[in-house]
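Please open the model in your viewer and keep the sequence panel beside it. The tour below proposes one selection after another and says what is to be found at each stop.

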Amino acid sequence: MAEFVTLEVSEGIGTIRLARPPMNALNRQVQEEIRAAARQATVDPDVKAVIVYGGEKVFAAGADIKEMAELDFVQMSEIIADLQSALGAIADIPKPTVAAITGYALGGGLELALGADRRIAGDNVKLGVPEILLGIIPGGGGTQRLARLVGPAKAKDMVFTGRFVGAEEALAIGLIDQMVAPDEVYNAARTWAAQFTGAASRAIAAAKAAIDQGLDTDLDTGLKIEQHLFASLFATDDRTIGMQSFVENGPGKAKFTGK
């Protein structure tokens, strides 16, 4: 049984819940439990969409610095790939994912949220990658995912200064996608995730793969990725169900099976 990270499934929505008080510091145990929960959410057919949530007070305030301070160059070189892949495990879930952000999402906490497809935050949140203040840089994917999300200039400003970004600025630069009252964060995330509980799951997975993989390459290669994934869906039951339902009943009435 995981000690700090759990996957709770209800009505087709899986919630990956971080619970390591007081600030959900992401030590190596938490990182590996995140990886395990993400894998569980991936393979569970009852999970159609995923919320990542740190609780009502804080999302995650970053890595466990006391643990990290004890490491030297050789030791960090041996584990940095594991750290990066664990914090990026949310991005590997082939289902719609949303980070429900309360309080603080800093350093590794923000890097974890960057792996989600969508970020919903309370209007009082503080977001940032303050690693520079420790004499290091973001190492859990922050330099890459942040720049791809908000652009290199804004990412460099945040990384170079280590400053905290409030909710309004985060919304303006595209770091978050929706701002709500602090006590509505989780409910707003469930509302978004609930859209996909009856959706064509394999088509959504294909759409996510096409977008994510395409952004990492040139346009021509991206179009070939799209061709392959588009054609592959003609081997699914949902494609048959969706097209037959459209012909017989019009759009938006298909009852998909996820197969």
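## First stop: the loop before α1

Select P22, which is found in the loop between β2 and α1. Bear in mind throughout that this is a predicted model. Add P21 to the selection and look at the bond between the two prolines: a cis peptide bond joins P21 and P22, with omega at about 5°. Then move to N24, whose place is also given as the loop between β2 and α1. The phi angle of N24 is near 55°, a positive value in a residue other than glycine. Is N24 buried or exposed? N24 counts as buried, because its relative accessibility is 5%.

## The whole chain

Zoom out now and colour by secondary structure, which comes to eleven helices and nine strands. If you draw the C-alpha trace alone, it spans about 65 × 40 × 40 Å along its principal axes. The radius of gyration is 19 Å, which agrees with the value near 18 Å that a compact globule of 259 residues would have. Colouring by burial instead will mark 45% of the 259 residues as buried. With a surface display, the protein exposes about 13500 Å², of which carbon and sulfur atoms supply 56%.

Two further totals are useful before going back to single residues. Among contacts between residues at least 6 apart in sequence, 69% join residues at least 24 apart. For the charges, select the 25 positive and 33 negative ones as two groups; the mean positions of these groups are 4 Å apart.

## Strand β2 and residue R17

Select R17, found in strand β2, and show the residues around its side chain and backbone. Leaving aside residues up to four places away in sequence, R17 touches F4, V5, T6, E8, Y53, G54 and G55. R17 counts as partly exposed, since its relative accessibility is 29%. For a distance across the model, pick the C-alpha atoms of R17 and Q195: these residues are 178 apart in sequence and 20 Å apart in space.

## From E11 to helix α8

Next select E11, which lies in the loop between β1 and β2. The phi angle of E11 is near 55°, a positive value in a residue other than glycine, and E11 is exposed, with a relative accessible area of 69%.

Which residue does the side chain of E11 meet in a salt bridge? The partner is R190, at 3.6 Å from N to O. This pair links distant parts of the chain, for E11 sits in the loop between β1 (5–10) and β2 (13–18), whereas R190 belongs to helix α8 (residues 185–194), 179 residues apart. R190 counts as buried, because its relative accessibility of 17% falls under the 20% limit for burial.

Keep R190 selected and extend the selection to the other buried residues of α8, so that the set reads V185, A188, A189, R190, W192 and A193. What covers these buried residues includes β1, β2, β3 (49–53), β4 (97–101), β6 (118–122) and β9 (178–180), and it is worth showing those strands as ribbons around the helix.

## Further salt bridges

The count of salt bridges comes to seven, and the stops below visit others among them. In helix α1 (residues 28–43), select R35 and E32, which lie three residues apart, about one turn of the helix. The closest N and O atoms of their salt bridge are 3.0 Å apart. R35 is partly exposed, with a relative accessible area of 27%, and E32 counts as partly exposed at 38% relative accessibility.

For the last selection, take D157, R163 and E169 together, which are linked in a network of salt bridges. Within that network, R163 forms a salt bridge with E169, the closest N and O atoms being 2.6 Å apart. How exposed are these two residues? R163 counts as partly exposed at 30% relative accessibility, and E169 likewise counts as partly exposed at 30%.

Methods: Residues are numbered from 1 along each chain as its sequence is written. This is a predicted model: local features need pLDDT of at least 70, side-chain atom pairs count only at pLDDT 80 or more; totals for chains, interfaces and linings use all residues. Side-chain values use heavy atoms; hydrogens and water are left out. Helices (H or I, at least four residues) and strands (E, at least two) are DSSP runs, numbered from the N terminus. The radius of gyration is taken over C-alpha atoms; the globule rule is 2.2 Å times the number of residues to the power 0.38. Buried means under 20% relative accessible area, exposed over 50%, partly exposed in between (1.4 Å probe, protein chains only). Contact means heavy atoms within 4.5 Å. Accessible areas come from the Shrake-Rupley method with a 1.4 Å probe; for residues, only the protein chains shown count as cover. Lys and Arg count as positive and Asp and Glu as negative; His and the chain ends are not counted. The place of a charge is taken as NZ of Lys, CZ of Arg, CG of Asp or CD of Glu. A salt bridge is a side-chain nitrogen of Lys or Arg within 4 Å of a carboxyl oxygen of Asp or Glu.
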